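Subject: Structure handover

Hello,

Here is the structure for you to look through. My notes on its salt bridges come after it.

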Amino acid sequence: MVSNTPNPHGGTPQGSTLLASPSTPPSAGLRADLTPSALVHYLDQYVVGQDDAKRTLAVVVYAHYKKLVGAARHNASIAKSNVLLVGPTGTGKTLLCQTLSNAIGVPFVTADATSLAQTRYVNEEIEAILLRLLGKADGDLTRAQHGIVFIDEIDKLKSASGQLRSTSGEGVQHALLKIMEGSLVKLSPTHAIDTSNILFICGGAFVGLDKIRSGNPNYGFISVGDSANQKILDKLNARIKPTDLIEFGLIPEFTGRLPVIANLQALTRATLVKIMTEPRNSIYNQFRDIMKDQGVELTIAPRVFVEIAELALEYKVGARSLRGIFEEMMTPVLYAVPDLPQVRKVNFSSLFANPALQDAQGAAVVNPVAV
Ligand SMILES: Nc1ncnc2c1ncn2[C@@H]1O[C@H](COP(=O)(O)OP(=O)(O)OP(=O)(O)O)[C@@H](O)[C@H]1O
Ligand SMILES: [Mg+2]
């Protein structure tokens, strides 16, 4: 079915000698020239809201790839700023990372921390993730070594006592921190990938973190001079601190490898409406295109989007449920229209009423499958 993410790279691994070198030149096609504001502008076309997270990510990605290009020139090593995205489910964490990697033209893969925690063979799973990245780079090791790996549900790696170390969340954190920092991972007896320049972005909902944070002291606690800017102070206080994450259950070494933390906000009704209508590849635009291909003009009243958003809020999975509700609304039309060639217009005035079908003269057409 139609997808809401911009055209990801694809491909399968190939190539024979995949030996990593510590100072590989920057990949062909890497757009390290995009400034943070240009990156945010690009993101704005696909991701609604989440301005703070967009800016934070854009700055990290810009600095990372700038350093990478510089390092290839100067042979210097790169200090990496891996990122942690904290936000409720379906608020755009994966979408942000996918869109950013498209903007700069680097391969991107997502992995699930929960499945890492469920296997006894964590290292094999990690190798499989890196192999997928190599696949996304069409077997080009240099490109893969400059890719982005997004590890979701990192909050599920909370350390819990009484479990086998190899299967515990803490064990996975240890395995991950090695590759996040940069290491040579063997993909086969003769092939290895260097993870030093791969950007790792971790994401998670961290349910319960708010409660921990409200119990921890703020910066106002430390005495600050009269010259302190209250807005900056408020911003600092709104930040998630490493100590909050440690209290949540991440091990300090792991937290230490995620120096940048960005917060994503829960989506409001207004944002959900915008998500359906504003992005370049919004659901509305996608379905308008599908209908247009059949010679039919689709119009949906603003009220319908509000009704869908309200239902989606009830489902509590962010923007994730929008497509399902939308498709359900569209199904009777998508089913009937190919058999009704005289239909030229379809108009929805409410989610809870059958849409009006019209022919070229504006006369009503009866939809035989209307409920
Ligand atoms: N801010 C947003 N702007 C535009 N679309 C969004 C936004 N947030 C979510 N979506 C839509 O919802 C879908 C799910 O979002 P995404 O996969 O990015 O969620 P997530 O935050 O990674 O959730 P999870 O924690 O469950 O992995 C996206 O494919 C996109 O269609
Ligand atoms: Mg996700």
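The count comes to seven salt bridges. Please keep in mind that this is a predicted model. Three of the pairs are described below.

Glu-307 and Arg-303
This salt bridge has its closest N and O atoms 3.0 Å apart. Both Glu-307 and Arg-303 belong to helix α14, where they sit four residues apart, about one turn of the helix. The two partners do not fall into one class of accessibility: Glu-307 counts as buried because its relative accessibility is 11%, and buried means under 20%. Arg-303 has a relative accessibility of 52% and therefore counts as exposed, the cut-off being over 50%.

Arg-269 and Glu-310
Helix α14 also takes part in a second pair: Glu-310 in that helix (residues 302-315) is matched with Arg-269 in helix α12 (residues 269-277). Their closest N and O atoms are 2.4 Å apart, and the two form a salt bridge. The pair therefore ties together parts that are 41 residues apart in sequence. Arg-269 is partly exposed, at 41% relative accessibility. Glu-310 is partly exposed as well, with a relative accessible area of 36%.

Lys-156 and Glu-153
Between Lys-156 and Glu-153 there is a salt bridge whose closest N and O atoms are 3.3 Å apart. Lys-156 has a relative accessible area of 46%, so it is partly exposed. Glu-153, at 28% relative accessibility, also counts as partly exposed.

Regards

Notes: Residues numbered from 1 in each chain as written. Chains lettered and ligands numbered in written order. Predicted model: local features only at pLDDT ≥ 70, side-chain atom pairs only at ≥ 80, totals over all residues. Heavy atoms only, no water. Salt bridge = Lys/Arg side-chain N within 4 Å of Asp/Glu carboxyl O. Buried < 20%, exposed > 50% of the residue type's maximum accessible area, 1.4 Å probe, protein only. Helix = DSSP H or I, 4+ residues; strand = E, 2+ residues; numbered from the N terminus.
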